[in-house]
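Visitor: I'm new to reading protein models. Could you walk me through this one and explain the words as we go?

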Amino acid sequence: MKRIFCLLSSLALVVLCASAALAAKLEDKVVVYSTHGESLLEAVADAFEAKTGVAVEFLNLKGELADRVRAEKANPQSDVMYGGPSSVYQELQAEDLFEPFTPTWAAKVNPLFKDKDGYWIGTIQTPVLLFYNTEMLTAAEAPKDWKDLAAPRYKGMLVFRNALSSSARATYSALLQQYEKKGELDKGWAFLKAVDANTKRYYGSGSLLFQAVGRKEAAISFSVLNDIIDNMTKNKMPLQFIDATSGSPVITDGIALIRHAKHPEAAKAFVEFAGSAEVQAMLARKFNRMPTLPDALADAPAWMGKVKFKAMDVNWGELASRQSAWMQKWDAEVKDSAKDKK
């Protein structure tokens with residue numbers, strides 16, 4: 001970036017001049033591909049446009065995000081990838097799809113939540129926990145760990161997301177990796193097959209999944225922690241999350257610049273803004289998204305600083321090279337497609 005010198009008499013005017021020059025460099029729009037819901041995207045987009053004057057065009061692609069970015073590699077139609085787990089970011093990074101960029105707030109983010117070379121950085125940390133309907137099961141009857149989901153006593157008591165959900169893809173893959181690390185991947189596939197046998201439905205949306213548990217179609221599922229908390233507090237659902245004995249996957253939702261983007265300066269400004277303490281705290285308050293930036297916790301809901309859970313030991317870097325193939329196999333050979341409900 002070229003330095004711009006403003007020969008003005010006061011420091012305030014220098015800052016104003018530099019800000020105006022920076023704003024003048026921004027393109028008139030930025031295109032964002034995301035896995036985040038439309039209400040969250042609208043909140044960030046509206047705030048960004050109000051601050052910069054740059055219009056945001058966003059598209060929520062859910063589980064199809066990575067494939068869309070890949071398909072457009074030769075002629076990118078997006079400028080920013082926003083949302084989705086770090087394993088997907090690492091997978092796409094290896095395919096040369098991102099441009100490195102280090103926002104000003106990056107130094108304060110835990111190394112676990114970012115790429116060391118600046119190709120992507122986490123803006124949200126997303127624990128995925130088991131939970132159950134407390135009107136259907138007692139704490140003693142509920143599973144204590146992921147391996148319990150294969151037990152015959154839970155036949156017909158499970159409902160889950162399908163592989164269109166990025167958090168579900170990451171979770172199924174993380175569970176498989178626990179077996180792979182012990183050289184027992186075949187046992188991992190057998191475990192998922194047994195879990196499928198106990199599963200009543202696979203849902204294409206999180207809202208449908210929670211509705212199913214709420215109306216007692218099934219007692220047990222897993223989801224990102226913020227959605228569990230949201231349904232417990234706002235929707236008054238009788239739920240309880242489980243601190244699994246082997247730990248729970250903690251997904252890093254990231255953000256990255258698309259290589260050869262058509263609006264590169266606006267894209268950098270969007271990344272800078274979307275991960276700032278101001279925006280992370282806003283998303284924490286409005287959407288229960290847990291910040292990666294410690295500075296944002298001061299203005300976040302109190303539970304985010306208090307909740308305790310054991311993190312599963314997941315090598316997200318290694319998982320990035322396996323997840324796509326594993327999930328194709330899970331979808332084609334393990335999951336009973338007759339249980340899909342969109």
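Guide: Happy to. This is a predicted model, and we can start with helices H2 and H9, whose crossing is right-handed.

Visitor: What makes a crossing right-handed?

Guide: The near helix has to be turned clockwise from the far one by less than a right angle. H2 and H9 get that label.

Visitor: Where do H2 and H9 sit, and at what angle do they cross?

Guide: H2 covers residues 38–52 and H9 covers residues 264–274; their axes come within 11 Å and cross at roughly 115°.

Visitor: Which residues make the contact?

Guide: From H2 you have Val 44, Ala 47, Phe 48 and Lys 51, and from H9 Ala 266, Ala 269, Phe 270, Phe 273 and Ala 274. By class that gives 8 nonpolar, no polar and 1 charged.

Visitor: Why is Lys counted as charged and Phe as nonpolar?

Guide: Lys is grouped with Asp, Glu and Arg as charged, while Phe is on the nonpolar list with Ala and Val.

Visitor: Why is H5 called roughly perpendicular to H13?

Guide: The axes of H5 (residues 166–180) and H13 cross at roughly 100° and come within 10 Å. Angles from 65 to 115 degrees count as roughly perpendicular, so H5 earns that name relative to H13.

Visitor: Which residues meet there?

Guide: Among them are Arg 169, Tyr 172 and Leu 176 in H5, and Trp 326, Met 327 and Trp 330 in H13. This contact has 6 nonpolar, 4 polar and 2 charged residues.

Visitor: And why are H6 and H13 called oblique?

Guide: H6 (residues 185–198) and H13 (residues 323–334) pack at about 45°, with their axes 11 Å apart. Roughly parallel needs an angle under 35 degrees and roughly perpendicular needs 65 to 115, so H6 and H13 come out as oblique. Their crossing is right-handed.

Visitor: What holds the class count for that contact?

Guide: There are 6 nonpolar, no polar and 4 charged residues where H6 meets H13. Those making the contact include Trp 189 and Lys 193 of H6 and Trp 330 and Glu 333 of H13.

Visitor: How much space lies in the largest pocket, and which residues are closest to its centre?

Guide: About 900 Å³ of space lies in the largest pocket. It is lined by 37 residues, and the closest to its centre are Thr 35, Arg 161, Val 224, Asp 227 and Arg 289. The lining divides into 12 nonpolar, 17 polar and 8 charged residues.

Conventions:
Residues numbered from 1 in each chain as written. Predicted model: local features only at pLDDT ≥ 70, side-chain atom pairs only at ≥ 80, totals over all residues. Heavy atoms only, no water. Axes fitted to C-alpha atoms, helices over the stretch in contact; angles between N-to-C directions. Helix = DSSP H or I, 4+ residues; strand = E, 2+ residues; numbered from the N terminus. Parallel < 35°, antiparallel > 145°, perpendicular 65-115°, else oblique. Contact = heavy atoms within 4.5 Å. 1 Å grid on protein atoms, 1.4 Å probe; cavity = no way out; pocket = protein on both sides within 12 Å on 5 of 7 lines; lining within 4 Å. Points joined across faces, edges and corners; volume = space filled by probe spheres on them.
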